[in-house]
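Reader: I am new to this structure and would like a close look at one part of it. Could you choose an element, explain carefully how it sits among its neighbours, and then connect it to the rest?

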Amino acid sequence: MYPPDLKYTKDHEWVRLDGAKAQVGITDYAQKQLGDVVYLELPEVGRTLGKGDVFGTIESVKAVSELYSPVAGEVIEVNGRLTEKPESVNTDPHGSWMIVVRISDAGQTSGLLDAAQYTDLTK
Amino acid sequence: MSQPAAGVLKKTPLHARHRSLGARMVPFGGWDMPVEYSGIVDEHMAVRTRAGLFDVSHMGEIELAGADAVAAVQHITSNDVAKLAVHQIQYSALTTPQGTFVDDVLTYKLSDDHLMLVVNASNIMKDFNWITEQIAGLGDAVAVNTSSRYALLALQGPASREVLQPLTGVDLASLKYYWFTTGEVASVRCTISRTGYTGEEGFEIFAPPGSAERVWDAILQAGKGAGVLPAGLGARDTLRLEASMRLYGNDMDETTTVLEADLGWIVGWKKAEFLGADVLRKQKAEGPPRKLVGFEVLDRGIARHGYDVYTDGIKSGVVTSGTQTPFLKKAIGMAYVPADRAAPDTALEIDLRGRRMQARVVPMPFYKRAK
């Protein structure tokens, strides 16, 4: 059920790599844990993130959670449509990208999990 | 998101049902409870538009019996038990001598010498010990913790009566709000009360623990056509907040008086005496220094329990409950604010992780069902 073309983190974010660009979102497992998502706060374009930095917050009816960047780099795109319609995170978690990061160093994606490893983690 | 479990969690008689229905379970007041099945919003909307079935067996029951039981309950609670007829129920506070809350309770008058208090799960032992201490020497009255004798189910929503009626010989239409009766539900002897914590028409059903699954299954089966859903503590919290019902431990506790919680209507002002009466009468005359108010957030964001409230740029209060309400689709909440900042339309600022959100005081309840 976890798309094989994505990479994953232990914090339940996913990454879609396209050269030096990385789309970032949260996994189906994460959205299920959160329940009904009602707010999303995302960074400004141009922000520099370190690996593991908080890049935003996501609120569901019952909880607030921080979003952690799986890669280091500069935020080059922010999904404004998603902040207007945050419930899409529940209905289409792996299609609901939040930010695009231009990765500062290609080597740093090595620690990410593949779909099979992530599936094991969430069992 | 989840709290660490302290010790062994208690299980209600319906625990296996929650598991098989795929509920997400969380520790709550020492119990392993379902927080959601299909989702908080889905369950909330089911209760507002159809009906939802809740397991609230974690709630406690403390019974007082004896020739002086009414006098004992008069002494330990704020509301006037003399107004209660047999089979009638009243919302009340178990008060400290300071007029603050040991707990908030429902008082059921079972007979002229037998009353039952329905209390919050996390307060059962505290309440029982408190009551036992306070009624010692008050004559012929004994308190018994009967919590383990009851499973408690709540069927709430506009369809609740039509769903429950075929399962019982009790004429539910004639059961008035805040009255109860006894009768069979799905051939199980139960106490049925027209009460709830959602702001909708609904019923709470006290069943013997051994027969709880039978009653639960029968209601869900009977409610299938009407779209009745099992509902968890998550929806219970958003529903009660929309209906402006207080939650003990969030909106009031041993540091807040009944008047500060804006619950003057549960004080029997004509009663001769009860714990905290002096403090409450004085506070009524002078006005409480702070008050619980309802607010609506005007910016994006949810104000949650514990967030600071600012008025005129000064930190002056705290949010006690807050959520994004699924039905009204607004961020609402309750907060303690200085009494002179409690009027509707007063501007509030709420600190959301370093950002100040604009909010305004609004009258409660936020939601009132159409009659």
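**A helix in its setting**

Author: Chain B has a mean pLDDT (the predictor's confidence in each residue, from 0 to 100) of 96, and 98% of its residues reach 70 or more. This is a predicted model, in which local features need pLDDT of at least 70 and side-chain atom pairs count only at pLDDT 80 or more, while totals for chains, interfaces and linings use all residues. Residues are numbered from 1 along each chain as its sequence is written, and chains are lettered from A and ligands numbered from 1 in the order in which they are written. The scores for the model are ipTM 0.71 and pTM 0.90.

Before turning to the helix, it helps to see the chain that holds it. Chain B contains eight helices and 19 strands, where helices (H or I, at least four residues) and strands (E, at least two) are DSSP runs numbered from the N terminus. Its radius of gyration, taken over C-alpha atoms, is 20 Å, close to the 21 Å that the globule rule (2.2 Å times the number of residues to the power 0.38) gives for 371 residues, so chain B is as compact as a globular protein of that length. The C-alpha trace of chain B spans about 60 × 50 × 45 Å along its principal axes. Of the 371 residues, 49% are buried; a residue is buried if 20 or more other C-beta atoms, placed from the backbone, lie within 10 Å of its own, exposed if 12 or fewer, and partly exposed in between.

The part I choose is α2(B), residues 40-49. Seven of its 10 residues are buried, so the rest of the structure largely encloses this helix. Those seven are I40(B), V41(B), E43(B), H44(B), A46(B), V47(B) and R48(B), so that charged side chains also appear among the buried positions, given that Asp, Glu, Lys and Arg count as charged, Ala, Val, Leu, Ile, Met, Phe, Trp, Tyr, Cys and Pro as nonpolar, and the others, Gly among them, as polar. The elements of chain B against which they pack are β2 (31-36), β3 (52-55), β9 (151-156), β13 (229-231) and α7.

The helix also has a part in the meeting of the two chains. Counting two residues as in contact if their C-beta atoms, placed from the backbone, lie within 7 Å, the contact takes 13 residues from chain B and 10 residues from chain A. On the side of chain B that touches chain A, two or more residues come from each of α2 (40-49), α7 (233-242) and β16 (314-324). That side divides into five nonpolar, six polar and two charged residues.

Next comes the interior of chain B. In the largest nonpolar core, a set of buried Ala, Val, Leu, Ile, Met, Phe, Trp, Tyr and Cys residues joined through C-beta atoms within 7 Å, there are 129 residues, and those touching the most other members are L153(B), L155(B), I205(B), A207(B), V215(B), A303(B) and I350(B). Strand β17(B), residues 331-338, gives the most to this core, with six residues. Apart from it lies another core, of five residues, including W31(B), M33(B), V35(B) and L233(B). Returning to I205(B), its contacts beyond four places in sequence are L153(B), L155(B), V185(B), C190(B), I192(B) and V215(B).

A second helix of chain B can be set beside α2(B). Helix α3(B), residues 69-76, is mostly covered, with six of its eight residues buried, namely A69(B), A72(B), V73(B), Q74(B), H75(B) and I76(B). Among the elements of chain B that cover them are β4 (60-65), β5 (89-95), β6 (101-111), β7 (114-119) and α4 (124-135).

Across in chain A, an open sheet of six strands runs in the order β1-β2-β3-β9-β8-β5, with antiparallel pairing, two strands being paired if DSSP finds at least two bridges between them. The edge strands β1(A) (7-8) and β5(A) (48-49) each pair on one side only. In strand β9(A), residues 99-103, I99(A), V101(A) and I103(A) point to one face and are buried, while V100(A) and R102(A) point to the other and are not. Five bridges join β8(A) and β9(A) in the antiparallel sense, with E74(A) standing opposite R102(A).
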